[in-house]
Amino acid sequence: MTEFTIASHSIKGRRENNEDAVLALSLGTNINFLAVADGMGGYEGGEIASNLILFKIKQYLLSLTINAFRTENLKLVLEQCFEIAQSTISLKIREEPNLAGMGTTLTAILISGSNYVYGNIGDSRLFLITPQAVHQLTTDHTYIEEFRQKYREPISPGFIAQYSHVLTRTIDGKLDRPDIYPASTPCMEINPGEIFLLCSDGLLPDKVSDHSSFIVDIINHSGSLEEAACQMVSMAYENGSTDNISVICLGYQLLAKKIDPDVISAKSDFSRHDTIQIVLPSIKGKRNSRRKKLLGIIGVLLVFLFAGFAIISLLKPDIFDFSKETRRPQCNEKLSKITAGVKEISDTKDNSDSIQLKVTPLFNASAINENRFTFLRLVSMIPFDINSKTTVEGWVKKINRIMPEFIKTLSISRWSELENKGIVSHTSFNPQTIATPEMIIQPFNGDSCLLICYEQATQGSVDTVDYIENSGMLFFAKAVLLIYNQNAEISESLVKRFAPELLYLVVYDQNGNMVDNPFNFDETDWDFPSGYKKKLRDRIRTPYIIRHTIKYAVDLALPLPGKHGYLRFGFPCDLGS
């Protein structure tokens, strides 16, 4: 017998279409998955994003056995749901480039018996309603919330209006990671009589106020959980919400009680249900008492205030003449830096009313240049592993087709040619590598040299994917892929040269079986998401950031031509960059 009661309601509100999507999925006796996704990205993109990720998550959850929902597995399953959401959007954008820029929030909870875990990306919320209080379990990934958490000071309505829709993490096919809770234990436990509420931000447009009274009032005056969900959506719309509005309510071991239809307000248009009476008397009683006291105090203050105005206006009639020019007091410049997911956001407020939002790179130009220098040097060493100059020339010809814009020259030259051009000043051949911040000369095979000229980065990258593309990592990986296609192996000499800068390099066949492992890489030592091998297909997969104790790596996989497998690279990643 089920111990849960679930209700959901979603409307497009004042929008032309509904970009929200909700999922309330029963996975067995007393096993439930609830999720709300709020899409974004144009007229169709947001609706596609939110519905698509929930469809893929549903497929994944229904494919699992009942053992997957044991207490010790709940967090892993939920983490995989978010991983599936990111990879689904990434794949969809690559298949349909016109959808670039689409994304969605995702807030989800997985419940097995009385145990639960939850997580979120974005500003859709999860609340826990107990007989004593209403608790917001999730933290919004918004600029406003991160500013509030950092500075703990009042925020002006104008500031909120300007930045209320700036999200710092989203499901957009990149590398934003969810907050998964609880952080230090396998799960949390829900008590009988408690209720979960998931909602999109359309339900509560004011992102900084306490919404406990709004939630409690509706639940206390509803005859069922279904009616409560509908009433919340209806009240949010009547209060002026301009967004799509969606809610899911789940109650655990709620007491059923027949409701007299006459008890319910005649204003309600919802059908009556002989199901559940939800009462939170302690909250309701305290709130009414406080309201009466507050109204009384406000009334007394208003009487004294108006009396004071009347006396002052009689003594000094021109004091309330607002036609006179007044000067705004100067505000000190205030600069706040908030590390927001994969980017830093700053706001600058000057002496005027203007507030400017700017994005500060997570990886600065120096980090990118250091990376280019390191991995272009590794690329220059690859010819040592190629048997003849003719083969090297073929490799260079191929690699020129995939060079990023920051590489201006990658060619084979003779030492004498470089000397005639004034690139080198030595009078004799130098067998050692010559490396500067903009040029690498790698001698090989007699007097032949590999010449690489590249530009220095002048600005940083705001996210990890952009960093990988603008640094040397991706180009290095593609260069290794080309040499592997020619030699069908990774030689010991290359492994020794790559070892200081690579954590692992593994070759897999088309079925995901490991066929070459020169770095003795042990998959079980690393925190890979489950099913990661199945996500590659025939294109470069969006990189993961994975962990091994205190060590982190950027995990990048490239497909071999003809769907014969793929190479997997592990690059060191300093998350403190």
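**Figure 1. Leu110 stands opposite Val117 in strand 6.** The model shown here and in the other figures is predicted. Strand 5 (residues 106-112) pairs with strand 6 in the antiparallel sense, over 7 bridges. The two strands form a hairpin with 2 residues between them, and Gly113 in this hairpin takes a positive phi near 65 degrees.

**Figure 2. Strand 6 (residues 115-121) is largely enclosed by the rest of the structure.** Is this strand buried or exposed? Of its 7 residues, 7 are buried, so the rest of the structure largely encloses the strand. Asn115, Val117, Gly119 and Ile121 point one way from strand 6, while Tyr116, Tyr118 and Asn120 point the other way. Residues of both sets are buried.

**Figure 3. Strand 6 also pairs with strand 10 (residues 188-189) and with strand 9 (residues 179-181).** The pairing with strand 10 is antiparallel and has 2 bridges. Here Asn115 stands opposite Glu189 in strand 10. Strand 9 and strand 6 run antiparallel and are joined by 3 bridges. In this pairing, Asn120 stands opposite Asp179 in strand 9.

**Figure 4. Asp179 forms a salt bridge with Arg169.** Their closest N and O atoms are 3.1 Å apart. Asp179 belongs to strand 9 and Arg169 to the loop between helix 4 (157-163) and strand 9, so the salt bridge ties together parts that are 10 residues apart in sequence. Asp179 and Arg169 are both buried.

**Figure 5. An open sheet is formed by 5 strands.** In what order do the strands lie? The order is 1-12-11-7-8, and the pairing is antiparallel. At the edges are strand 1 (4-11) and strand 8 (134-136), each of which pairs on one side only. From one strand to the next, the twist averages 15 degrees. Strand 1 pairs with strand 12 (residues 245-252) over 8 bridges, in the antiparallel sense. Ser10 stands opposite Ser246 in strand 12.

**Figure 6. Helix 6 (residues 225-238) lies across three strands: strand 1, strand 11 (195-199) and strand 12.** The helix runs at about 25 degrees to strand 1.

**Figure 7. Asp243 and Arg15 meet in a salt bridge through their side chains.** Side chains of opposite charge can pair when their charged atoms come close. In this pair the N to O distance is 3.5 Å. The link joins distant parts of the chain: Asp243 is in the loop between helix 6 and strand 12, and Arg15 is in the loop between strand 1 and strand 2 (20-28), 228 residues apart. Asp243 is buried, with a relative accessible area of 11%, whereas Arg15 counts as partly exposed at 36% relative accessibility. The whole structure has 6 salt bridges.

**Figure 8. Glu455 forms a salt bridge with Lys408.** The closest N and O atoms of the pair are 3.6 Å apart. Glu455 sits in the loop between strand 19 (448-454) and helix 11 (464-470), and Lys408 sits in strand 16 (residues 407-414), so the pair ties together parts 47 residues apart in sequence. Glu455 counts as partly exposed, at 41% relative accessibility.

**Figure 9. Ile298, Leu302 and Leu305 make a nonpolar surface patch.** The patch has an area of about 240 Å². Leu305 is in helix 7 (residues 281-315). With a relative accessible area of 41%, Leu305 is partly exposed.

Technical notes: Residues are numbered from 1 along each chain as its sequence is written. This is a predicted model: local features need pLDDT of at least 70, side-chain atom pairs count only at pLDDT 80 or more; totals for chains, interfaces and linings use all residues. Side-chain values use heavy atoms; hydrogens and water are left out. Two strands pair if DSSP finds at least two bridges between them. Helices (H or I, at least four residues) and strands (E, at least two) are DSSP runs, numbered from the N terminus. Axes are lines fitted to C-alpha atoms, for helices over the stretch in contact, and angles run from 0 to 180 degrees between N-to-C directions. Contact means heavy atoms within 4.5 Å. Buried means under 20% relative accessible area, exposed over 50%, partly exposed in between (1.4 Å probe, protein chains only). Patches are made of residues with over 30% relative accessible area and no salt bridge: like charges are joined within 9 Å, nonpolar side chains (Val, Leu, Ile, Met, Phe, Trp, Tyr) within 5 Å. Accessible areas come from the Shrake-Rupley method with a 1.4 Å probe; for residues, only the protein chains shown count as cover. A salt bridge is a side-chain nitrogen of Lys or Arg within 4 Å of a carboxyl oxygen of Asp or Glu.
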